[in-house]
2 protein chains.
Amino acid sequence: MGIVVQKFGGTSLADTDKIKNVAKAVIKEKNNGNDVVVIVSAMGHTTDYLVKLSSEISKNPNKREMDMLLSTGEQVSIALLTMAIQEEGYEAISLNASQVGIITEKVHSTARIIDIKTDKLNKILNEGKIIVVAGFQGVTEDGEITTLGRGGSDTSAVAIAASLKAQRCDIYTDVEGVYTTDPRIVPNASRLEIVSYEEMLELARTGANVLHPRAVETAKVYNVPLRVRSTFKLENLGTYIIGVNEMEISKNVTGVAADTTQVRIVICDVPDQPGNAGKVFEKLAQSNISVDMIIQSYARHNLNTNDIAFTVDENDLKNTLEILENVKKELNASNIFVDDDIAKVSIVGAGMIDRPGIASSMFNALAKANINIKMISTSEIKISCLVNKNDAKKAIQVLHSTFELGSDEIAEVKGDLPNFV
Amino acid sequence: MGIVVQKFGGTSLADTDKIKNVAKAVIKEKNNGNDVVVIVSAMGHTTDYLVKLSSEISKNPNKREMDMLLSTGEQVSIALLTMAIQEEGYEAISLNASQVGIITEKVHSTARIIDIKTDKLNKILNEGKIIVVAGFQGVTEDGEITTLGRGGSDTSAVAIAASLKAQRCDIYTDVEGVYTTDPRIVPNASRLEIVSYEEMLELARTGANVLHPRAVETAKVYNVPLRVRSTFKLENLGTYIIGVNEMEISKNVTGVAADTTQVRIVICDVPDQPGNAGKVFEKLAQSNISVDMIIQSYARHNLNTNDIAFTVDENDLKNTLEILENVKKELNASNIFVDDDIAKVSIVGAGMIDRPGIASSMFNALAKANINIKMISTSEIKISCLVNKNDAKKAIQVLHSTFELGSDEIAEVKGDLPNFV
């Protein structure tokens, strides 16, 4: 017995009936003999509604005031869920981030947690009460309200679990766990019972946004055992996410994912001088643009120049091109070429290390399916290929089958499943 | 030039267009050269919506959690109004009660303010910024969120004005001021340009709920000049509410009001022994039941017993009767009689003192209109008569005319006018 942290997202709290259902899941964990801390998001579409109100007032609302506004959504959830737990005869208390002491840096809308006060939490847990904490929000040392940005509530949950040294952090959602790939594309995609932080990170980054990479990273750093499970099917154990060292057997390939939100950019004919590639990516980094795959190759027609190709998120395209226009002049490059007809298809697996056959199996399978590979990049536990966008679906199906990831059952697809492709 | 506190209620903030309108009223005051602190309620029907959510979860929700829930309403308002002010190019910042330090006693849902920290407010005002503060809410020394109960936002505004020694507290609402009586009953009711705290209190207690009595009392204690004015007609100066000593001329009668929410209770044949009346009202006070008019008279048929008659709010009737059932046995009284067909009609005026003719004018006017008086009570600045409920409207019209309170203009009646009758 120990402390279990549970996190429920907005879909699980969409209305008061769903909130009562969540209360039952909380009480079930409490009845297992555990101390329970619950982290919640705002109800259903509350955040969208608040954003809409602000957009009616300002096209570019002040970030401090947006945090003041949006943080109310989670505060509504904690009060209602606490009432629902009390209604079942259990002692519970709600706390917002200021009351807990979830201290963040002085940044609005994308603050990072720097400390979580545990005195009050431990005191209340010792009194036998269930604690319901507002996710997504924090407070600066000066008492300013902040929010954590995307994946904020997941991150709140993992950070609180880490600070309380919880035995487990359960992320309740409306999918039944982490799948080998998107069940809408491969109907017999199988639920993974166990996956490592590292694999989950790669799956998350390549589009499987069941869980925000930021939360997975925090869990990895503090070694917090995670579990993704369904609020609506409590009998299903979901997917455990733990350290790779704690896994007995590593599969060669754990999952297949695709990301269609990237664009490929090629800078042609960059003179082959030391430091030129560095200059390109330094400028992009200064503007906070994340670059994903990078390939530098000799330009075909001129062996004294290189072509530098890389991918960025489509939202960063405009910004990237502005920066590159200057870089092009500075480096005396010939041309900038943009390709938005791409999808990044990846296979992920902690067991991939030291098994060189995996990569060639992937390339052969794609070739056999007549799918052209535009770029390749690899990490220790991932191989990604850029393909044409309309080949993505076929690529996933082919790779899922090649690496025998399917189950005998047809996976059930719920409405809010993340967009793999 | 000095500090002006402005308070805007939910109707003035019902949607984002109205919020933009409020921002203009705030900026107008700022442009007059004043430092401005704005106190706001929750938008329109937000509180009703939150109460509905809680009622779907529990019939008797925990008061602490209700405060956690309801306080979000004002927090939404402060953020949106601040954005709207900023959008007009003015510097503004929102603060919730915790951030200001509006310290209350440790009571949920009806907390009283015990202290307001002014350091932060004064510091921000000195920087030239407009401050937007959440009304209705407070915080205990331990950081628990509380709410102030009915009339809470008005009280927040007056208390902040008192603590900042503001030159004025303007209560913006959707009526144009305090009227001599309900314009729906007397179409030529006139707006009072000035009224004393004491008169306003009597008018408020007898049903003219433009302003909550609690806020008026606080203003009286700290001598905060109040003004009630319309958010939607800024050219209208509204009604000033100040100390009676500061008024140059006191009218004999300032206004006529009626209250139809009371019931009359008579305990018959209470033996005429010292202390018996005290016992009755002590028991009621212990149960927090406010008694309004009290009359003790000899029972007609038995000169050794008294009939004790009094009025209570209709919401307290059930509770009152339960208590009286025991009291009746203890005192050996014969009967308890309830009359809910009553209305209390009052005339109010600070100039009434030492003018004995006013009372007889009132009684004569009602008699001439064939209106039977069931009970009478008087204070220094008020005379109240209980009449039958269906005589209330006529009584108001007759008294308004008798004391020549009408204006030449027909008052404009807006939707949200308080229910006088």
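A residue counts as exposed if 12 or fewer other C-beta atoms lie within 10 Å of its own, and as buried if 20 or more do. With that in hand, here are the close-ups; please keep in mind that the model is predicted.

**View 1. Glu404(B), an exposed residue with a positive phi.** Follow chain B past α12 (392–402), and Glu404(B) turns up in the segment after that helix. Glu404(B) is not a glycine, yet its phi is positive, at about 50 degrees. For comparison, most residues other than glycine have a negative phi. Is Glu404(B) buried or exposed? Glu404(B) has 10 other C-beta atoms within 10 Å, so it is exposed.

**View 2. Asn332(B), in a loop between a helix and a strand.** Here we look at the loop of chain B that runs between α10 (317–331) and β17 (335–339), where Asn332(B) lies. The phi of Asn332(B) is near 65 degrees, again a positive value in a residue other than glycine. Asn332(B) counts as exposed because it has 12 C-beta neighbours inside 10 Å, and the exposed class takes in residues with 12 or fewer.

**View 3. Helix α8 of chain A and the residue that follows.** Which residues of α8(A), spanning 213–222, are buried? They are Ala215(A), Val216(A), Thr218(A), Ala219(A) and Lys220(A). Just after the helix comes Asn223(A), with a positive phi of about 55 degrees.

**View 4. The two copies and their rotation axis.** A turn of 180 degrees, with a shift of 0.0 Å along the axis, lays chain B on chain A with an RMSD of 0.1 Å. The two copies are thus related as by a two-fold rotation axis. To find the axis from chain B, look for Thr72(B): its C-alpha comes closest among the residues of that chain, at 2.7 Å.

**View 5. The contact between chain B and chain A.** Chain B brings 29 residues to this contact and chain A brings 28. On the side of chain B, the elements giving two or more residues are α1 (16–31), α2 (46–57), α3 (63–87) and α4 (97–100). Of these, α3(B) supplies the largest share, with 14 residues. By class, the residues on the side of chain B that touches chain A are 13 nonpolar, 12 polar and four charged. Why can the copies be said to meet through the same surface? Because 97% of the interface residues of chain B are also interface residues in chain A.

Key
Residues are numbered from 1 along each chain as its sequence is written. Chains are lettered from A and ligands numbered from 1 in the order in which they are written. This is a predicted model: local features need pLDDT of at least 70, side-chain atom pairs count only at pLDDT 80 or more; totals for chains, interfaces and linings use all residues. Copies are superposed by least squares on the C-alpha atoms of residues with pLDDT of at least 70 in both. Two residues are in contact if their C-beta atoms, placed from the backbone, lie within 7 Å. Helices (H or I, at least four residues) and strands (E, at least two) are DSSP runs, numbered from the N terminus. Ala, Val, Leu, Ile, Met, Phe, Trp, Tyr, Cys and Pro count as nonpolar, Asp, Glu, Lys and Arg as charged, and the others, Gly among them, as polar.
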